[in-house]
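Hi everyone, thanks for coming. Please have a look at the sequence and the structure on the screen, and I'll walk you through a few places in it.

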Amino acid sequence: KDYGLGEENVTPIPSGVDVNLFKPSGNTAEDFTVLYFGPLSSFRGVDVLLSAFKLVRKSLPNARLILLARESNSESLWLKKAENLANVEIITGILDQKELIGHLSRGSVVVLPFKFWPQVECPLTVLEAMAMGKAVVTTSIGAIPEIIENWENGVLVPSKNSKELAEVVVKLLNDPSQRVEIGRKAHAYVGRFHDWNKIVKDTLDVLLSSLN
């Protein structure tokens with residue numbers, strides 16, 4: 001609209017996920033395990049996550065946090081802070097898809113507490129975790145609320161609120177049936193709207209229609 005285009009001339013096509021790779025992997029989730037993946041950045045809410053995890057362990061001392069950190073700089077501030085916490089496993093570097101999927105399957109709950117997201121589409125990490133049938137806890141940032149229906153196919157918490165994030169995580173860790181139901185709906189949603197096969201078809205349809 002800002003560039004003078006009418007809605008009839010715009011076709012939105014969302015990000016796609018390979019649902020044949022990112023898919024539920026059975027009962028491989030580890031008990032009371034919170035998982036995060038992506039760069040260790042305050043923009044992505046890693047500081048909020050670490051603070052929340054301390055609160056989670058007050059209620060659930062056996063809770064664990066897995067950080068799939070693309071960060072490889074040993075001098076990283078957030079890497080050092082994470083290393084000083086108990087019950088935290090840090091896996092650094094860029095993982096290939098097989099490794100990433102293997103680690104993602106371990107999470108009881110996937111937490112992605114974005115403070116900021118500059119793109120117009122939903123973060124791919126959210127969609128990939130949903131495709132794997134995980135209960136994703138994230139924030140109402142950018143396009144995420146267009147994808148996540150709260151307490152249906154995921155859970156939305158306020159950005160920068162470690163206390164509320166901790167409360168939601170504890171609730172989910174203590175309720176396996178709810179996690180499974182949220183994950184089931186998340187997987188179905190991604191399969192319906194973000195399967196790469198659908199994205200390719202929609203793109204081709206737009207290109208072909210422009211030739212007519």
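Let's begin with one pair of residues: Leu65 has Val88, in strand β3, as its bridge partner. Keep in mind as we go that this is a predicted model. That pair belongs to a longer match, as β2 and β3, residues 88-92, run parallel and are joined by five bridges.

Now, what does β2 pair with on top of that? Strand β1, residues 33-38, pairs with β2, also in the parallel sense, over six bridges. If you want a spot to find on the screen, look for Leu35, which stands opposite Ile66 in β2. To get from β1 to β2, the chain passes through helix α1, residues 46-59, and this β-α-β crossover is right-handed.

Is β2 largely enclosed or largely open? Strand β2 covers residues 64-69, and five of its six residues are buried, so the rest of the structure largely encloses it.

Let's turn to the helix in that crossover. With 14 residues, α1 reaches 20 Å from its first C-alpha to its last, close to the 20 Å expected at 1.5 Å a residue. Which residues of α1 are buried? They are Val46, Asp47, Val48, Leu49, Leu50, Ala52, Phe53 and Val56. The buried residues of α1 pack against several elements, including β1, β2 and β3, and also α6, residues 162-173. Here's a handy thing to remember: an α-helix has 3.6 residues a turn, so residues three or four places apart point the same way.

Next, two neighbours in strand β1. Thr33 sits in this strand, and Thr33 counts as buried because its relative accessibility is 0%, under the 20% cut-off. Leaving out residues up to four places away in sequence, Thr33 touches Arg64, Ile66, Arg106, Gly107, Ser108, Val109 and Leu173.

Val34 is in β1 too. At 2% relative accessibility, Val34 also counts as buried. Beyond four places in sequence, the contacts of Val34 include Leu49, Leu65, Val111 and Val169. How far apart are Val34 and Ala186 in space? From C-alpha to C-alpha they are 17 Å apart, with their positions 152 residues apart in sequence.

Now for the core. In soluble globular proteins, nonpolar side chains tend to be buried together. The largest nonpolar core here has 64 residues, and Phe37, Leu67 and Val137 are the ones that touch the most other members. Among the residues that Phe37 touches, beyond four places in sequence, are Leu68, Leu100, Leu104, Val110 and Leu112, along with Thr125 and Glu128.

Let's move to a loop. Asn153 lies between α5, residues 144-147, and β6, residues 155-157. Is Asn153 buried or exposed? It counts as buried, because its relative accessibility is 6%. The side chain of Asn153 reaches the backbone oxygen of Ile147 at 3.0 Å, and the backbone nitrogen of Glu149 at 2.7 Å. Asn153 also touches residues further along the chain, among them Ile182, Lys185, Ala186 and Tyr189.

One last stop: helix α8, residues 196-210. Its 15 residues reach 21 Å from first C-alpha to last, close to the 21 Å expected at 1.5 Å a residue. What caps the N-terminal end of α8? That is Asp195, with a side-chain oxygen 3.0 Å from the backbone nitrogen of Asn197.

That's my tour, and I'm happy to go back to any of these places on the screen.

Definitions and conventions. Residues are numbered from 1 along each chain as its sequence is written. This is a predicted model: local features need pLDDT of at least 70, side-chain atom pairs count only at pLDDT 80 or more; totals for chains, interfaces and linings use all residues. Side-chain values use heavy atoms; hydrogens and water are left out. Helices (H or I, at least four residues) and strands (E, at least two) are DSSP runs, numbered from the N terminus. The expected span of a helix is 1.5 Å times one less than its number of residues. A polar contact is a pair of N or O atoms within 3.5 Å; within protein, one must be able to donate a hydrogen and the other to accept it, and residues adjacent in sequence count only if both atoms are side-chain atoms. Buried means under 20% relative accessible area, exposed over 50%, partly exposed in between (1.4 Å probe, protein chains only). Two strands pair if DSSP finds at least two bridges between them. A crossover is right-handed if, with the strands pointing away from the viewer, the path from the first strand over the helix to the second runs clockwise. Contact means heavy atoms within 4.5 Å. A nonpolar core is a set of buried Ala, Val, Leu, Ile, Met, Phe, Trp, Tyr and Cys residues joined through side-chain atoms within 4.5 Å.
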